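Visitor: I'm new to reading protein structures, and I'd like a close look at one part rather than a quick tour. Could you take me through it slowly?

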Amino acid sequence: MKEINANEFEQEVLKGEKVVLDFYSSECPPCEALAPKFEGLAKLYGNNLKFLKIFRQQNRELADKLGVKSSPTLLFFDNGAEVGNRLTGGIKRSDIIHNLDSMLPENKVKEIKDQIKPSVSECDVIILGAGPGGLTAGLYLCQAKINTVLVDIALPGGQVATTHEVSNYPGFIEPQAGYMLSHNMSEQTKMCGTVYKVAVDITKVDLEKKEIVIDEFETLKAKRIIIATGTSPNATGAVGERELKGKGISYCATCDAKYYGDKEVVVIGGGNSAIEESDFIAKFASKVTIVHQFDKFTANKKAQEKIFANPKIATVFQHEPRLFRRDGDKMITELEDLRTKERKTIVSDGVFIFIGMKPNIDLFKDKLQLDQWGYVKTNEDMQTSIPGVYAVGDVISKKYRQITTAVADGTIAAIAIAKELD
Ligand SMILES: Cc1cc2nc3c(=O)[nH]c(=O)nc-3n(C[C@H](O)[C@H](O)[C@H](O)COP(=O)(O)OP(=O)(O)OC[C@H]3O[C@@H](n4cnc5c(N)ncnc54)[C@H](O)[C@@H]3O)c2cc1C
């Protein structure tokens, strides 16, 4: 694996060979999540493909020329031409493998796959998800000398890692940068001795057997499982949204707002996240237009006051996006007026979507009792409907989803498990 700059692009990428190129940024949690996968795959595929990294912030001109709009972005080249699908955002190991395999002859792919040896290991507790809920459970279990493995599809930290500032977590007089708060939580749990398996693909979860398979070949067995997988942003469902994710549409202001210096941005949403993140985006962008489906925002009043006092921020109420498309460098957002059904378009440089969240339970939802909104039901010890399986944090059915409540859930589950296993 090698780091290159824009001057070396032609020599290293365009002069033949099979190449995978990672455009990454600093302060970008999805880039950090990708790094260990990229490194692992470089070891596995490195004899057959060239693995290159390029720092996007210092090579902006090249990134713009190649149409790279978001970090991280993986580009694949064969014999000087770009091939396959670009990968952006929270990139899965399996998606990279799919692209790499398609660039190699079948016998080479088989040869590489044959090098991977399946493994099975055992522990007391598997925690799925390393946000505040999972990290706190990990800390308490570790301090109770319970052998615990913390598994996450991304890097530790959860949503806090991508939150600009946290001002309501007790113990800090000044607001804390989200990534620092989550970093400290993670380091505390890691230093205690909890085993981390992060930035992995979860291939299979069997809650009844208490077994999970990660990255296809690694089986972990446990006596208890804690589900702490949190929530993910909802999509609008408008035409073009999926295709333009990472190519003009973003769900993470901390990751991407810095690329909209003196540019115009559209924000979809009107709750706390949309309003707080619009305020943050407006520190970079020349204009932010917030589009909301209702006739007023649902965010807290203090955040709203800031928005209304900011001359860079405009609002469009009672409209919903129906279509996103690119026109050269510009993003076209087609809006429907919910009162008249008339359509209008807004031209901008980028779109951010903050319209609520859904629980991350796709891998195991069939087995668990859920509430009417799809969140996991638990009792007061955080036990789910499956014996030995606990759930904590934003993924569970509850009224208030905050860092403090996730941390409290994690504490309760860990103490309950420690008593059971004692
Ligand atoms: C923009 C924004 C701002 C916020 N600001 C605040 C604030 O100021 N104060 C506050 O108290 N709260 C705030 N919150 C809410 C707070 O971040 C959450 O309540 C809290 O992070 C929930 O913690 P959690 O551990 O349940 O889940 P999360 O933090 O969501 O962590 C879940 C983890 O699970 C991982 N995961 C997902 N699927 C899987 C899987 N299948 N297998 C393994 N791992 C998986 C994810 O990668 C993630 O690391 C904010 C939320 C957002 C979105």
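Is methionine 382 buried or exposed?

Guide: Happy to, and keep in mind that this is a predicted model. Methionine 382 is buried, because 28 other C-beta atoms lie within 10 Å and 20 or more is the cut-off for calling a residue buried. To find it in the picture, look in the loop between strand E25 (357–359) and strand E26 (389–391). Now check its backbone: phi of methionine 382 is near 75 degrees, a positive value in a residue other than glycine.

Let's put another loop residue beside it. Alanine 199 also has a positive phi, near 60 degrees, and it isn't glycine either. You'll find alanine 199 in the loop between strand E11 (195–198) and strand E12 (202–206). Alanine 199 counts as buried too, because it has 24 other C-beta atoms within 10 Å, and the cut-off is 20 or more.

From that loop you can step straight into a sheet, since E12 belongs to one. Four strands make up this open sheet, in the order E6-E14-E13-E12, and the pairing is mixed. Strand E6 (119–122) and E12 are the edge strands, each pairing on one side only. On average, neighbouring strands here are turned by 15 degrees against each other, if you ignore direction. In general, strands of a sheet pair through backbone hydrogen bonds, either parallel or antiparallel. For E12 and strand E13 (residues 211–214), the run is antiparallel, with 4 bridges joining the two. If you'd like a spot to zoom in on, lysine 204 stands opposite valine 213 in E13.

There's one more backbone detail to hunt for. A cis peptide bond joins serine 71 and proline 72, with omega at about -5 degrees. Proline 72 sits in the loop between helix H3 (60–65) and strand E4 (73–78).

Finally, turn to the ligand. It is surrounded by 33 residues, and the closest are Gly129, Gly131, Gly158, Gly230 and Gly393. Helix H6 (132–143), strand E8 (148–152) and helix H12 (403–421) are the elements that give two or more residues to this shell. Sorted by class, the shell holds 14 nonpolar, 16 polar and 3 charged residues. If you're wondering where those closest glycines go in that tally, glycine is counted as polar.

Technical notes. Residues are numbered from 1 along each chain as its sequence is written. This is a predicted model: local features need pLDDT of at least 70, side-chain atom pairs count only at pLDDT 80 or more; totals for chains, interfaces and linings use all residues. A residue is near a molecule or strand if its C-beta atom, placed from the backbone, lies within 6 Å of it. A residue is buried if 20 or more other C-beta atoms lie within 10 Å of its own, exposed if 12 or fewer, and partly exposed in between; C-beta atoms are placed from the backbone. Two strands pair if DSSP finds at least two bridges between them. Axes are lines fitted to C-alpha atoms, for helices over the stretch in contact, and angles run from 0 to 180 degrees between N-to-C directions.
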